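Work through the exercises below with the model open. Try each task before you read its solution.

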Amino acid sequence: MDDPSSTAPRPGSREVTVVLADDHLVVRAGMRLLLAQDPAFRIVAESATVPDTLEAVRRTRPRVLVLDLTMAGKSSLPVIPALLTASPGTRILVLTMQEDPAFAREALRTGAAGYLLKEAAAEELRAAAHQVAGGATYVQPVLGARLAVEMPGPADQEALTAREAEVLSLLALGHTNQEIAGHLYVSVRTVESHRARIRDKLGKDTRAELIAAARERGLVA
């Protein structure tokens, strides 16, 4: 099989360097094959963990980073600002199985340029990568419609942010504040603040109440 990174871009087209970040080798191989069908793309690095992704972006400064939201059990959301600081010219395209619009809102709020579900067609992945590389924002149309419909208003007291939803799911699974802090790469005080906001929004604080709230929102089985 030809190495996609050695494929020359189309005459007159601008080469788009890409880093692929996903903890599943098969998924990365699939993305590599899909992008290789467009010679404008050149894969310059791959990574399977959050720290390795940060290092790869610092080293290669790609035009596009295709980023999974969870790698090796760690959330990628908290490091999006750090990734952009390490390489200001990089455009981040989130490619994930997370269909909850709250995650898309949080990813875009923290600096991602695009949000695409892994169920998307091959043509859509290439189109989204080109769009964010060109400086535009891309959100999968079906998800974009849900974002518009589900954007919480000021009276919606039960609307949780993506990070609060993550904390709620981990609390419901029995993790301590310290364990959640380590999982999300944040301080214990930050977790405590999220927990206080969850309590204020939902009026729930006991383990049983948190489990029930998480189940109602489909965050845990």
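**Exercise 1. Find how β1 pairs with β2, and how many bridges join them.**

Solution. Strand β1 and strand β2 (residues 41-47) run parallel, joined by 6 bridges. Strands pair here if DSSP finds at least two bridges between them. Next, pick out one position: valine 16 stands opposite phenylalanine 41 in β2. Then add the helix: β1, α1 and β2 make a right-handed β-α-β unit. Right-handed means that, with the strands pointing away from the viewer, the path from the first strand over the helix to the second runs clockwise.

Some ground rules apply throughout. This is a predicted model, in which local features need pLDDT of at least 70 and side-chain atom pairs count only at pLDDT 80 or more, while totals for chains, interfaces and linings use all residues. Residues are numbered from 1 along each chain as its sequence is written, and side-chain values use heavy atoms, with hydrogens and water left out. Helices (H or I, at least four residues) and strands (E, at least two) are DSSP runs, numbered from the N terminus.

**Exercise 2. Place β1 in the sheet, and say which strands stand at the edges.**

Solution. Start with β3 (residues 64-67): 4 bridges join this strand to β1, and the two run parallel. Leucine 20 has valine 66 of β3 as its bridge partner. Now read the whole order: β2-β1-β3-β6-β7-β8, an open sheet of 6 strands with parallel pairing. β2 and β8 (138-139) are at the edges with a single partner strand each, so one side of each has no neighbour in the sheet.

**Exercise 3. Is aspartate 22 buried or exposed? List what it touches.**

Solution. First locate aspartate 22: it sits in the loop between β1 (16-21) and α1 (25-36). Its relative accessibility is 1%, so aspartate 22 counts as buried. Buried means under 20% relative accessible area, exposed over 50%, partly exposed in between (1.4 Å probe, protein chains only). Leaving out residues up to four places away in sequence, aspartate 22 touches Val27, Arg28, Met31, Ser47, Ala48, Asp68, Met71 and Lys118. Contact means heavy atoms within 4.5 Å. Last, a polar atom of the aspartate 22 side chain lies 2.9 Å from the backbone nitrogen of histidine 24.

**Exercise 4. Show where the buried residues of α8 fall around the helix.**

Solution. Helix α8 covers residues 177-184, and Asn177, Ile180, Ala181 and Leu184 are buried there. Viewed down the axis, these buried residues fall within an arc of 105°, so they line one face of the helix. The arc is that of the directions from the helix axis to the C-beta atoms. The buried residues of α8 pack against β5 (74-75), α7 (162-172) and α9 (188-202). After α8 comes tyrosine 185, with a positive phi near 60°.

**Exercise 5. Check the span of α5 against what its residues should give.**

Solution. α5 (residues 122-133) has 12 residues. The expected span is 1.5 Å times one less than the number of residues. That should come to 16 Å, and the end C-alpha atoms are 17 Å apart, which agrees. Buried residues in α5 include Leu125, Ala129 and Val132. Glycine 135 follows α5, and its phi is positive, near 100°.

**Exercise 6. State how many helices and strands the protein chain has, and what share of its residues is buried.**

Solution. The protein chain has 10 helices and 8 strands. Of its 221 residues, 43% are buried.

Notes
Polar contact = N/O pair within 3.5 Å; in protein donor to acceptor, adjacent residues only side chain to side chain.
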